[in-house]
Structure formats: C-alpha cells, structure tokens
Amino acid sequence: MLPVVQVFRLFKSYGKKSVLKDVSFSLFKGDILGIIGPNGAGKTTLLYILLGIIEPTSGEVKYFGKPLKKERSKILKRVGFASNYVSLPYSLTVEENLKVFAHLYEVKDYRKRIDEVLQTFKLADKKKALCRALSTGEMMRLNLARAFLHEPDVLLLDEPTAGLDPEYMREVAEFLKKQAEERGLSIILTSHQLSELEKIANKLLLIKGGRILAFGGLEELFKLYGVDNLEELYFKAFSNASLGNSDG
Amino acid sequence: MVSFRRILAILLRHLYLLKHSVSRWIDLLYWPTIDLLLWGFVSLYIQQREGSGIVYHFLGALILWNILIRAQQGLAVGFLEDVWARNLLHLFASPLTLLDYVLGLLFFSILKAAVASLLMGCLGVLIFDFNFFAQGLALFNLTFALLLFAWSVGLITIALVLYFGQEAEIFAWALALLFLPFSAVFYPVSVLPPLFQEIAKFVPTSYVFEGMRMVFQAKDVPLLFLFKAYLLILVYLILSVFIFSYSFKLSKVQGKLTKVGE
C-alpha cells in the first residue's frame, strides 16, 4: 500500500540555527499520528513544511506519491489544516468565512456543505455571528469546521483541542477517530493534551531539538520505553528537556 | 493554474470585510469627497481671479491621482488586511496560488478605484459642471496606465512587508506619495527644477498627467508620449513582479510567512 504522506530526510535551518535534522517518516491511510515534544522541538515547523508554507533546507515531502513542491495546489485540495494559533478574520461572520474557504477549496454544493459542518461542530446557531463574538472554544471549532469543509484525505492539526472544554475535547477526539476509521482520513496532529492524544493516535513521533527520538506504533513505543501510558512515556523520553532547550 | 473560484474567494473575503466595516466605507467615500470639494473650491477661486480653465485640470488630476491611490492601496492594504487578521497562513495552506491571490486583490483594487472615481466624477458634474468621463478613449488610456503603475507600486509594498515585517506597512500609504512631486499631478513638468525634471523623465505618472492636461486642452496625446509612459510602466511592472516573487519565495525559506502579523 502506498503511503499517504512520505517525508524524506527533512532538514531545516535558519542560518546556523538548525530546526529540523534528518526527519523522515511515512503515514498510511487511516493513520493518526501524534507528534509530541517539548516547546521549540520543531513540531510546528514540521507541520508548516508539510503544508508548503515553509521551504525545507533539504529533503522532500510527498502526498499520495506526488511531490508537494511540484503539485502543491492539487495536493492541498485534499489536505486540511487547523491550528489553535491561527485565527480567522474576526470581521467576517462564521458563514462568510466558510464561504471564502469553500471557494478556495472549490467545494461543490458549498451551501449544503457549510450547513453540514456547522451542524457537526455544533455551530449552526452561530452561522450569522461575527467571528469576533465567538469564544476561544467556538473559534477552534470553527477552525475545525473549516478544515473539514472540503472533506480532506489528510488533516494536519496544530493543538486542535487547546481552548476546548473537556466535553467538546472528547467529542472532537471521538469525531477525528471516527473519520479515520470510517473514511480512512489520515491525521497528523501536535498536542499537549496527552490523555486525549493517547485515545486517538495509533502512531507517535517523538521529536526533540529538531531530531526524531522515536517513531512507531503507540503500543510499540510503550514497550520500547517500558511504560503503559503516554504521560509516562513523555516524561521518560523528554526528561532531559529543560525549559531552555529550544533550538527549534 | 489560475482558478476563478479561488480568485472569487479573495474578492469575497475583502467585500465581506468592507460590508461590515464603517471605517473602511469612510476611507473609500469620505476622503475622495473631501478632496474633491476642497480642491474644487480652491481651483474655482483661483479661476475667478486668474480667469483660466484651471478648475478642470485640478479636478481631473485629483480624480486620476485618487484612482492611482485607491488601486495601489486596494492591493497593498488588501494584503495588510490578511496580515492584521493573521489569515495569511490559512490562505497559503490552501490550494490558493500566488497568482490567484494577486488577481483577487487586483479585482478588489479595480472595484475600489471604480467606486472612488465614480463618486468623484458624479460630484464633479453636480457641483463643478465638470464631466470627467466625457473625455473618452484618451483618458481611458491614461487611466489604464495609472492602474498598471499603481499595481506595480502595490506589489513592491507587499514585498517590503514580507521582507521587513509589519514595520514596513507604512509604505502602503507612503510609497505612492514618493512619486507625487515628480508626477506633475497639479502642475506641468516645466515648473520643476532641472534635476526634478530629469527624475520626472523616469516616472511614468509624469507622462500620464502631462497627457491629461493635453486632453483637457482638447489636444491629442502624441503616440510617442503614450508609448514612453507604457514602456516605463512595463519596466516598473516587470521589476515589481520580480521583487514580489523573490520576496515571497524568501519569506517561505526564512519562515517569515508564518510570522508576519505576529
């Protein structure tokens, strides 16, 4: 089976500062990959390279067997992205924001699709509300609704559940898992919500100082580190990571 | 490949913003109105004293200069709106191409220039008995040249913001004004000091406004004159496209595209 996402020997540096060092991994249909690491490990840089927003110093990213650099537009039509750190224009209504993105992704029958995602993410009553009136949690749900608008095959999420209350956090996690199981959606996500991540991810990538510490199945890594939950694994793997350790 | 729907998306994004923003409507309608009234009455006063046809020259120049400013800002401020909204990441994480994005902003800038010039044109007829639009094809040629020049200045502004960060946003308002003294908007090139006249030879807008005065004096604009204006604009456009593309590419290499607006 051809991997959905292939990352070959990625390096990224800004002058002498090295942010990613020899990062390679593959992701298959229906996989949910959690990327974990301390602040400044290079997680977000990696996501941005996967989206083509940052150019790697060397290495290559392929989706569906095709190079991102050469077929960016075609590929990104099948890729969704949401981040807790990137907002949508506050001066537009929820519906207007979704309409803009429906056109960007050339979504067919977009009015119906907008209603569907608003229903899914429990924002139907906010359709005409200006985004500046949304709470942090609602904004994140809108971001997720936007990311699902074009029914992507691959979804990249940066801290998707940050700002959500526990009830919504669980619902979103369950929704993502269901999408991966039923629709074969492949997901790459960074998160500090380790307990939620443990419930949905089937693969993990541990990154520190821009270098991969470990990559593999959840159970496989639990065995490797001799732990039985993700929190323990995190502390065992990154026990040397101090607050000042941020070269990425 | 260019996509009509993606261009429409960018256009819609800015139209929706305009729809909800009183301050942006004021910027679009209030300033051109005040400009026209102020300069219109000043030139009427001068005309009463001097007895020349200066009022038409002033009003025509003012409308054309406003077209340039609106078109340039439509592009540059349109980009800044996405910087301020921290929306660039979402846009460029989508299938949107750089060409789609720029074309979307260009259409928006045409709309802004059209609204401002239509408003000023109508006020000119109603208050000063001056019909800007009656000048026909000759004026259209000059207006189109101005639009192209405005876009080249707009592209350079975006490139500066991408390279230097948000600190450079002042150029969205200041850069076009740099050309104002050499453009001979309200006076002929001949009144400029010799050094400024030499500089004006390399500023395409000086040909446009000299041409405008010829049109208002019912003279034909010489073809060579128009040719020089368009040739210079072509050089500015090629340079600005190159600088803009390079700056965008560099912002991806240096990771600045993810940081601009933070």
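Of the 248 residues of chain A, 47% are buried. The model is predicted. Its scores are ipTM 0.89 and pTM 0.90. Chain A has a mean pLDDT of 91, with 96% of the residues at 70 or above. The pLDDT falls below 50 over residues 241-248 of chain A. That stretch still has 20 contacts in the model beyond near neighbours in sequence. For chain B the mean pLDDT is 91, and 98% of the residues reach 70 or more.

Chain A contains nine helices and 10 strands. Its radius of gyration is 18 Å, close to the 18 Å that the globule rule gives for 248 residues, so chain A is as compact as a globular protein of that length. A box of roughly 50 × 40 × 35 Å along the principal axes holds its C-alpha atoms. Contacts in chain A often span the sequence: among those between residues at least 6 apart, 69% join residues at least 24 apart.

Chain B is built differently in its secondary structure. Helices number 10 here, and strands zero. From the N terminus on, the order of elements is α-α-α-α-α-α-α-α-α-α. The radius of gyration of chain B is 19 Å, which agrees with the value near 18 Å for a compact globule of 262 residues. The C-alpha atoms of chain B fill a box of roughly 60 × 40 × 30 Å along the principal axes. Of its 262 residues, 44% are buried. Within chain B, 76% of the contacts with a separation of 6 or more are between residues 24 or more positions apart.The two chains touch. The contact takes 28 residues from chain B and 26 residues from chain A. On the side of chain B that touches chain A, the elements giving two or more residues are α1 (4-20), α4 (88-92) and α10 (223-253) of chain B. The most comes from α1(B), with nine residues. By class, this side of chain B has 13 nonpolar, 10 polar and five charged residues.

The largest nonpolar core has 151 residues. In soluble globular proteins, nonpolar side chains tend to be buried together. Residues with the most contacts inside this core include A:Ala145, A:Leu149, A:Leu156 and A:Ile187 from chain A. From chain B, B:Leu64, B:Leu68 and B:Leu146 belong to this group. Helix α3 (residues 54-84) of chain B gives the largest share of the core, 17 residues. Beyond residues up to four places away in sequence, A:Ile187 touches A:Ile32, A:Leu33, A:Leu155, A:Leu157, A:Leu176 and A:Ala180.

Helix α3 (residues 94-104) of chain A is mostly covered, with 10 of its 11 residues buried. Charged and polar names appear in the buried set beside nonpolar ones, among them A:Glu96, A:Asn97, A:Lys99 and A:His103. A:Val94, A:Leu98, A:Val100, A:Phe101, A:Ala102 and A:Leu104 are buried as well. The cover over these residues of α3(A) includes α4 (110-120) and α5 (136-148) of chain A, together with α1 of chain B. The helix α1(B) thus recurs here: it also gives nine residues to the side of chain B that touches chain A. After α3(A) comes A:Glu106, with a positive phi near 50 degrees.

A:Cys131 lies in the loop between α4 and α5 of chain A. This residue is buried, because 20 other C-beta atoms lie within 10 Å. Not counting residues up to four places away in sequence, A:Cys131 touches A:Leu88, A:Pro89, A:Tyr90, A:Leu92, A:Val94, A:Asn97, A:Met139 and A:Leu142. Two of these contacts, A:Val94 and A:Asn97, are among the buried residues of α3(A). A:Cys131 and A:Glu55 are 76 residues apart along the chain, and 31 Å separates their C-alpha atoms.

Helix α7 (residues 171-178) of chain B has a buried side and an exposed side. B:Phe171, B:Ala172 and B:Ala176 are buried. Seen down the axis of α7(B), the buried residues fall within an arc of 115 degrees, so they line one face of the helix. B:Ala174, B:Leu177 and B:Leu178, on the other side of α7(B), are exposed. The cover over the buried residues of α7(B) includes α3 and α6 (137-164) of chain B. Of these two helices, α3(B) is the one that gives the largest share of the core, 17 residues.

Methods: Residues are numbered from 1 along each chain as its sequence is written. Chains are lettered from A and ligands numbered from 1 in the order in which they are written. This is a predicted model: local features need pLDDT of at least 70, side-chain atom pairs count only at pLDDT 80 or more; totals for chains, interfaces and linings use all residues. A nonpolar core is a set of buried Ala, Val, Leu, Ile, Met, Phe, Trp, Tyr and Cys residues joined through C-beta atoms within 7 Å. A residue is buried if 20 or more other C-beta atoms lie within 10 Å of its own, exposed if 12 or fewer, and partly exposed in between; C-beta atoms are placed from the backbone. Helices (H or I, at least four residues) and strands (E, at least two) are DSSP runs, numbered from the N terminus. Two residues are in contact if their C-beta atoms, placed from the backbone, lie within 7 Å. The radius of gyration is taken over C-alpha atoms; the globule rule is 2.2 Å times the number of residues to the power 0.38. The arc is that of the directions from the helix axis to the C-beta atoms. pLDDT is the predictor's confidence in each residue, from 0 to 100.
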